[in-house]
Amino acid sequence: MISVLATNIVSPLGYTTDENYRAVREHRSKLARYESWRGVPEAFVASVFDEKQRSELMIEGYTILESVAIRSIADALAGCRIDVHSPRTKFILSTTKANVDELSSCAEHDANYIAPGALARKVAAYFGFKSEPVVVCNACISGMDAQLLAHRLLSSGEYDHAVVCGVDMVTPFVIAGFLSFKSMSLDECRPFDIERTGLNVGEAAATIIFGRNVDDDTPRWQLLSGAMSNDAYHLSAPAPKGDGAYRAMCSALGSYDANLLALISTHGTATMFNDQMESKAIERANLLAVPITALKGYYGHTLGAAGVVEPIINMRSLDDGLVLGVRGFDELGVSAKVDVSAKERSTDKQSFLKMISGFGGCNGALLYAKQRGEHTPTIERHKLNTRHRVVITPEKVVVDSDELNVSVSGKALLTEIYKNHIGDYPKYYKMDALSKVLFVASELLMQRFCCECEGKRSSMIIFNSSSSIVSDRKHIATFERSDEFYPSPSIFIGTLPNIALGEFAIKHNCTGETSLYILESRSDALMAEVVESAMSQSDTDIMLTGWVDCSSEDSFEAELVILTK
Amino acid sequence: MEELILELKEHIIDALNLEEITPEDIDNDAPLFGDGLGLDSIDALELIVILDRYYGIKLANPAEGKAIFKSITTIAEYVVANRTK
């Protein structure tokens, strides 16, 4: 049993869970229209901290993102008693773009200092967390993925407590990216409404502290289960019938009685495609009778924080027996008749399902219920069989024990391997640098293994430290000058490092989970802990996993393996 | 017109990383999406960036692109009629 011990949200609506909940109940929002904001020449709507809030939140020696995360974690820690110094307390940070806002102003050699892993270490050091932090960077589902990771690590008995913090800030970086995708609304967003025209972005940090087998008799919120599934359909567009979302929901729900669900907390970004797809997934799961909520009309899309912010508000409203109204909703504009309302409604049910989806085709669902906890035994980690291994450096490619002949090095080596050993996939040339490395490595592995994949469920968990630094720099160059503001969707999509996994999912119809985790430096022990607990606690039969890092076009390293149970 | 068509093809090959394809390989009237070059929805957004960047044409609604991006010829005609630079 994995219980929620404390929560916090720091957002433009308030600095505690209760302040945020009160604002949402009162239908308040800080969504506002910005024109010529920080050199962005196009208008957009977002929820951002105002100047007064920024100066209140700022901690000297830390970036605004770090400060907001630290304040959120500090408030949550104050709400419970856990030993932060224990090696059995895990810190998991969820963020899509971390401190990327600092990248354009920082010198080349300082890039490591602002990398996601360094950010996690800095925040961990502030509190004195002893165990090595993990950064979950899985596009918009990061916040959900981070909680599922916490659930697995706690369930396998390695840790007693997990502190999960989701944080992202609104930056020209993400605004330029979403503008290039034409997915932003010029008005306040309208989830599930017939007149919805796109999403708004928002900034926030949110923290949930989880504990395993907590001793007390009072009913508490528990994270019962969770699952992820890739659409294996498209890098940016969801599968029209919500294939992955449907599968993730069904797996998370398992044999749980759907009549007990008070609500489904949708992703509800208010883009045409997302809301439509979610309605279909809910219909396919036979859950149309369950009321749905969507919170983007209050917060905007808070990216890596969204999957943490939203269930916290859902838990808090269900404490009061309420399903919150959907701000921005008026008339249903999706084809499946989901039960959505602008007004709050009462309920006596005490459980809910959280849905979330993101670029790279990833989808996730979490099931929460408020109940008395039962002690659950630890779930032993499976010992896994390594079937094949590929190692790639800028000079060398080794598959199992065979070294391939190469005549060039660096970026050209990848293209040579592509031409001589893979070929027939022109999309290769469109891929970003990290995706190319992962593509070449995974194709070489699959050539040796693919005959065994039939009917099996495959997943992919990749670790690195450089995130998507090559694409990050390229993207910055497309919007830095406001008179030369031409952000490119295909470059921006590469700034989400999990896109590389989406490419694999599409090519091999991989419908299991696809996750990208960032560590400050490679740690085989921690990687094994994460992968083995994922394999033991999901229906994955085949796992592609390893370290795939790309710090510049010509410097990369990959060690990728195929594992089976 | 011919000059514009060549220029468009070069921009498209460059922006969409159509490695191993030359301007001569692209038929002026063949469909760009689906069969033809096999472009997808992200490529369509990339074409919108090309219109904006090189010809000063802003398409707010990507749905408008459908008719414009049928072929190289339709793009060229649209550029001639609407360019501001």
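So, four residues to begin with: A:R389, A:R522, A:D524 and A:E559 are linked in a network of salt bridges. This is a predicted model, by the way, so please hear everything I say in that light. Inside that network, the side chains of A:E559 and A:R389 meet with N and O 2.6 Å apart. In sequence those two partners sit 170 residues from each other, A:R389 in strand β16, residues 385-392, and A:E559 in strand β22, residues 555-564, both of chain A. And A:R389 isn't hidden away: it counts as partly exposed, at 34% relative accessibility.

Okay, other charged pairs. Over all chains the structure holds 37 salt bridges, and I'll pick out a few. One of them joins A:K370 to A:D319, with the closest N and O atoms 2.7 Å apart. What does that pair tie together? A:K370 is in strand β15 of chain A and A:D319 is in helix α11, residues 306-319 of chain A, so the bridge connects parts that are 51 residues apart in sequence. Both ends are partly exposed: A:K370 has 25% relative accessibility, and A:D319 has a relative accessible area of 36%. Next along the chain, A:D320 makes a salt bridge with A:R316, at 3.4 Å from N to O. A:D320 is partly exposed as well, at 39%.

Now, strand β15 comes up again when we look at strand pairing. It covers residues 362-371 of chain A, and it pairs with β9(A) in the antiparallel sense, over 10 bridges. If you want a spot to find on screen, go to A:M228, whose bridge partner in β15(A) is A:G364. Is β9 buried or exposed, for the most part? Well, 9 of its 11 residues, in the stretch 220-230 of chain A, are buried, so β9 is largely enclosed by the rest of the structure.

There's also an open sheet of 3 strands in chain A, in the order β2-β3-β7, with mixed pairing. Its edge strands are β2 (31-34) and β7 (201-202), each pairing on one side only. Strand β3, residues 44-47, runs parallel to β7(A), and 2 bridges join them. There you'll see A:S47 standing opposite A:G202 in β7(A).

Let me zoom out to the domains. The assignment for chain A gives domain 1 as 2-371 and domain 2 as 385-564. Their C-alpha centres lie 26 Å apart. Who touches whom? In chain A, 54 residues of domain 1 are in contact with 48 residues of domain 2. Together the two domains bury about 4200 Å² between them, with 62% of that on carbon and sulfur atoms. On the domain 1 side, A:R152, A:F173 and A:L235 lose the most area to domain 2, together 16% of what that side buries. Across this interface there are 3 salt bridges. While we're on A:R152, that residue forms a salt bridge with A:E513, the closest N and O atoms being 2.7 Å apart.

Last thing, cysteines. How many disulfides are there over all chains? The count is 0. A:C80, for instance, has its nearest cysteine sulfur 14 Å away, in A:C165. A:C80 is buried, with a relative accessible area of 16%. Then why is A:C137 without a bond? Because the closest cysteine sulfur, that of A:C362, is 10 Å from its own, which is too far. A:C137 is buried too, at 2% relative accessible area.

That's my tour, thanks.

Technical notes
Residues numbered from 1 in each chain as written. Chains lettered and ligands numbered in written order. Predicted model: local features only at pLDDT ≥ 70, side-chain atom pairs only at ≥ 80, totals over all residues. Heavy atoms only, no water. Pairing = 2+ DSSP bridges. Helix = DSSP H or I, 4+ residues; strand = E, 2+ residues; numbered from the N terminus. Buried < 20%, exposed > 50% of the residue type's maximum accessible area, 1.4 Å probe, protein only. Disulfide = S-S within 2.5 Å. Domains from an automatic or database assignment. Contact = heavy atoms within 4.5 Å. Buried area = accessible area lost by both parts, 1.4 Å probe.
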